[in-house]
Amino acid sequence: MAVASGVHSPLSLRAHASLAPSHPSSLSPSSTSLWKVFRRPNQVSMAAQAASAPPRSVVANCASSFPHTGPLSDSSNMRSQAAKTTPFNMITEEPAVPKQPYKWQRVLLKVSGEALAGDHKENIDPKITMAIAREVASVTRLGVEVAIVVGGGNIFRGSSWAGCSGLDRSSADYIGMLATVMNAIFLQATMESIGIPTRVQTAFRMSEVAEPYIRRRAVRHLEKGRVVIFAAGTGNPFFTPTLLQHSDVPKVINAEVVLKATNVDGVYSDDPRSNSDAHLLDTVSYQEVISRDLSVMDMTAITLCQENNIPVVVFNLAKPNNISKAILGERVGTLIGGSRNPSNVV
């Protein structure tokens, strides 16, 4: 069917449009006007917008080696020292969080199994674990790094069961180590329920429920503000978990103090249950604890703490706010291997 000159059918227009180039630069000067006819509507609108839009200047500061002059350099010099620089040298403002000068910045909290039992109606008292979690949370928010070790005496004590029904000492100690893991998992769940990031590390592998004890990983967790709970002692029989918890761990994670939370107010001059004249000691030296055989903790652990100059604070877990006071270095319980100062800070 013939088509009149200068008139194109819709089919022919679509065919020419599909073959039309996207830009007139590829056409000859005589064909430029034809391209304007066949280009698509969206190309027309985009070209019109580009032609009508005012020119814009974009400045990207992608290299710190280019000097700034004029108002830009003046405004940059007035920025706060808390400003941080991204990889593209873009400055973002972040408020500086002041760090309080607390006595200790990294502490090791020892919680005995008997203290977790509370009134001994159950092996673990949920009220005790929640009280521990809340007080630890209050100090971690202040920037203090907290590691925790737990005992297992509320569930099983290997030294007491060894020899019963043919149970040898090694097997009894392994059962006691598992008891500390049970307490650690319970305490971890309580802490995470109130928003405290917590990790459990054990001396032997239990990858389904805990991380293996790795010093660098533990220190990194502490630096990131996480609470680390150590369990299973040394992983070897004939060594009580106390030995690891009071000596090796504080040394390898660079803890500044050991805080022993028990069910008594501190270290007494004698057993208060048998001697009514026994009184609470405010401070005591390592050597005095050893020579007087004061029932504080494992004597090997006391000796190792003395060699590494790590003080120990013994206090009552049942009294409210005692944990936070001890962590912040306030006067509470008995201080072993240190001295008090007049400002009530250890």
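Reader: Where is Asn-254 found?
Author: Asn-254 sits in the loop between helix 10 (241-252) and strand 8 (257-262). The model is a predicted one.

Reader: What makes the phi of Asn-254 worth a remark?
Author: The phi of Asn-254 is positive, about 60 degrees. Yet Asn-254 is not a glycine.

Reader: Why is Asn-254 called partly exposed?
Author: Its relative accessible area is 48%. Buried needs under 20%, and exposed needs over 50%. The value for Asn-254 falls in between, so Asn-254 is partly exposed.

Reader: Which value of phi does Asn-309 have?
Author: Phi of Asn-309 is near 55 degrees. That is a positive value in a residue other than glycine. Asn-309 lies in the loop between helix 12 (299-307) and strand 10 (312-316).

Reader: How do you know whether Asn-309 is buried or exposed?
Author: Its relative accessibility is 59%. Exposed means over 50%, so Asn-309 counts as exposed.

Reader: How many salt bridges does the structure hold?
Author: The structure holds 7 salt bridges. One of them joins the side chains of Glu-145 and Arg-106.

Reader: What makes Glu-145 and Arg-106 a salt bridge?
Author: Their N to O distance is 2.6 Å. The cut-off is within 4 Å, so the pair qualifies.

Reader: What makes this a link between distant parts of the chain?
Author: Glu-145 is in strand 4 (residues 145-150). Arg-106 is in strand 3 (residues 106-111). The two are 39 residues apart.

Reader: How do you know whether Glu-145 and Arg-106 are buried or exposed?
Author: Glu-145 has 17% relative accessibility. Arg-106 has 10%. Buried means under 20%, so both Glu-145 and Arg-106 count as buried.

Reader: How do you know that Glu-211 and Arg-199 meet in a salt bridge?
Author: Their side chains come to 4.0 Å, N to O. The rule is within 4 Å, so this pair counts.

Reader: Which parts does the pair of Glu-211 and Arg-199 tie together?
Author: Glu-211 lies in strand 6 (residues 211-212), and Arg-199 lies in strand 5 (residues 198-202). The tied parts are 12 residues apart in sequence.

Reader: Why is Glu-211 called buried and Arg-199 partly exposed?
Author: Glu-211 has 19% relative accessibility. That is under 20%, so Glu-211 counts as buried. Arg-199 has 25%. That lies between 20% and 50%, so Arg-199 is partly exposed.

Reader: What separates Glu-223 and Arg-220 in helix 9?
Author: About one helical turn, because Glu-223 and Arg-220 are 3 residues apart in helix 9 (residues 215-223). Their closest N and O atoms are 3.4 Å apart. A salt bridge needs such atoms within 4 Å, so Glu-223 and Arg-220 form one.

Reader: Why is Glu-223 called partly exposed?
Author: Its relative accessibility is 47%. Arg-220 has 44%. Partly exposed lies between 20% and 50%, so both Glu-223 and Arg-220 are partly exposed.

Reader: How do you know that Glu-135 has no salt bridge?
Author: The nearest side chain of opposite charge is Lys-325, 8.6 Å away. A salt bridge needs atoms within 4 Å, so Glu-135 has none. Glu-135 is buried all the same.

Reader: What does the side chain of Glu-135 reach?
Author: The backbone nitrogen of Ser-324, at 3.0 Å. The cut-off for a polar contact is within 3.5 Å, so the distance passes. Glu-135 lies in helix 6 (residues 126-140). Residues touched by Glu-135 include Lys-319, Pro-320 and Ile-323.

Reader: How many aromatic pairs does a search of the whole structure find?
Author: The search finds 1 aromatic pair. Tyr-213 and Phe-230 form it.

Reader: Why is the pair of Tyr-213 and Phe-230 called edge-to-face?
Author: The planes of Tyr-213 and Phe-230 are 75 degrees apart. Edge-to-face means over 60, so the name fits. The centres are 5.7 Å apart. That is within 6.5 Å, so the rings pair.

Reader: Where are Tyr-213 and Phe-230 in the chain?
Author: Tyr-213 is in the loop between strand 6 and helix 9. Phe-230 is in strand 7 (residues 227-231). The pair links distant parts of the chain, 17 residues apart.

Reader: Why is Phe-230 called buried and Tyr-213 partly exposed?
Author: Phe-230 has 3% relative accessibility, under 20%, so Phe-230 counts as buried. Tyr-213 has 32%, between 20% and 50%, so Tyr-213 counts as partly exposed.

Methods
Residues numbered from 1 in each chain as written. Predicted model: local features only at pLDDT ≥ 70, side-chain atom pairs only at ≥ 80, totals over all residues. Heavy atoms only, no water. Helix = DSSP H or I, 4+ residues; strand = E, 2+ residues; numbered from the N terminus. Buried < 20%, exposed > 50% of the residue type's maximum accessible area, 1.4 Å probe, protein only. Lys, Arg positive; Asp, Glu negative; His and termini not counted. Polar contact = N/O pair within 3.5 Å; in protein donor to acceptor, adjacent residues only side chain to side chain. Contact = heavy atoms within 4.5 Å. Phe/Tyr/Trp six-rings, centres within 6.5 Å; stacked < 30°, edge-to-face > 60°. Lists of a residue's contacts leave out its neighbours within four places in sequence.
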